[in-house]
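Biologist: Hey, have you got a minute to walk me through this one? I'd like to go through it bit by bit.
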Amino acid sequence: MEEKTPHKRRVRYSGTHPRHFHEKYKELNPEKYKDDVARVISRGATPAGMHISIMVQEILDFLCIKPGMNGADATLGYGGHTRAMLEKLEGQGHLTAFDVDPIESAKTKERLAAAGYGEEILTVRLQNFAEIDRAVAESGKKFDFILADLGVSSMQIDNPERGFSYKVEGPLDLRLNPLAGVPASERLKEMNREEIVGMLIENADEPYAEEIAAVIMKWRRKRRPLETTTALRECVTEALSFLPKNEQKEAIKKSCQRTAQAIRIDVNSEFEVLDAFLSKLPDVLNPGGRVAVLTFHSGEDRMVKKYFKAQLREGLYSEIADEPIRPTAEECVRNSRAKSTKMRWAVRADH
C-alpha cells in the first residue's frame, strides 16, 4: 500500500493578515499564489522572499545585448536582471552570474533552470564578483556586457534570520555569505571606539557616530551583549536620547539605517570588494564592451564615479556617464526601494 505524504498545515498567525516573514506563506510561494503576489506589488510593496529588479529597461537600453554575446551579472540575487538579459540573448551566447550567498543563489539557479535557462547558457558561480578576472582566465573569453547591482536583495533584508533589518528581531549578523567570516555581533566586539567612529563616518556619513560608538562601548563595559537587531536599535535610541523629543523618532530611524549599513559594509568588506572589481573591469571587457553599475548610497557612487573618470583619462574607456541615471518617479512609487538608486555606465575603448 502506497504511503501518503503527510499534509503540512500552513503557518497560523493572529489577526487578519500575516505580519511576520515566515507567516507570509502566499508571498513566499509566488508560483502558486501569483494573484496575491501581484496585489502586494501593485501596492508598491515587495513580497516577502522576493526582490523586484530596479531600472531593468534603462539597463537593457544601455547594454544593447545581442544574441551570441558573452555577458556577466556580477550580483545574481533573485535573478530578475539576469533573466531579462538572458531573454535578450535569445538562446545564443552565454551569461555568467556571480553571488556569494549560497542560500539564495541556489534558489535562483533552480528557478532560472525551470524557466529554461540551463547551464548551456547560464553559469552560476558561488564567488565574489571581485574575482571576475578568474572567470575570464578559466573560460578564455572576455565579456561584451556586465551589470553590477550593488544593492542588498530584498530576500536578505526581509528574512529576520539574516539580521539585515533593525525593524524586526533577529541575530545581528549582516553577512551576505552566512557560512563565511564573522557576524556583525562578533565584529563589534573586536573594534575599539575610534574604529567604530571611523566605520560609521566612512561607510554611512553618520552624523552621530561619536555618540553611538560611546554607547556601544558602554554596553560592552557593562557586559550587555549587542547580539540582536533590536539591541542595535535600542543602542542607537539611547545614543540619540539627548535630542529634542519631537526630533528623536525620525533621527533614530535614519541613524539605525545608516548604522546597519555601515556595519554591513564593514562585515562584508564591500568597499574593498568594489575597489577590486572596478580596477579589474577594463581588463575583462572586450573592446566596445559595456558596463552598468547600480549604486545605493553615496560611498559606492563616489567610488564608481572616481574609477570611471580616472579610467576614461587613461584611455581605457571611450565614454562614461556624465551624470547618473535615476529611476523614474513611477518606478519609485511602484518600488520604494528604488528611490536611492543611481546608475553609472562606461564603454570600453576599442583597443
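Biologist: Which residue in S4 is the bridge partner of Gly71?
Modeller: That's Phe145. Keep in mind that this is a predicted model.
Biologist: And how do strand S1 and S4 pair, parallel or antiparallel?
Modeller: Parallel, over three bridges. S1 covers residues 70-73.
Biologist: What stands opposite Phe145 in S5?
Modeller: Arg290 does. So Phe145 has Gly71 as a bridge partner and also faces Arg290 in S5.
Biologist: How many bridges join S4 to S5?
Modeller: Six, and those two strands run parallel as well. S5 is residues 285-295.
Biologist: Why is S4 said to be largely enclosed?
Modeller: Because six of its seven residues, 143-149, are buried, the rest of the structure largely encloses S4.
Biologist: New topic, helix H11. What span should its 23 residues have?
Modeller: At 1.5 Å a residue, H11 (residues 245-267) should span 33 Å, and its end C-alpha atoms are 33 Å apart, so the two agree.
Biologist: Where is the kink in H11 centred?
Modeller: On Ala251, and the kink is about 30 degrees. After H11 comes Ser269, with a positive phi near 50 degrees.
Biologist: Last thing, what pLDDT does the chain average?
Modeller: It averages 86, and 81% of the residues score at least 70. Residues 1-5 are below 50, with zero contacts beyond near neighbours in sequence. Residues 18-29 are below 50 too, but that stretch has 32 such contacts in the model.
Biologist: How should I read the low parts?
Modeller: Where pLDDT is low, don't read the predicted coordinates in detail.

Notes. Residues numbered from 1 in each chain as written. Predicted model: local features only at pLDDT ≥ 70, side-chain atom pairs only at ≥ 80, totals over all residues. Heavy atoms only, no water. pLDDT = per-residue confidence, 0-100. Contact = heavy atoms within 4.5 Å. Helix = DSSP H or I, 4+ residues; strand = E, 2+ residues; numbered from the N terminus. Expected span 1.5 Å × (residues − 1). Bend = angle between axes of the 7 residues up to and from the residue. Buried < 20%, exposed > 50% of the residue type's maximum accessible area, 1.4 Å probe, protein only. Pairing = 2+ DSSP bridges.
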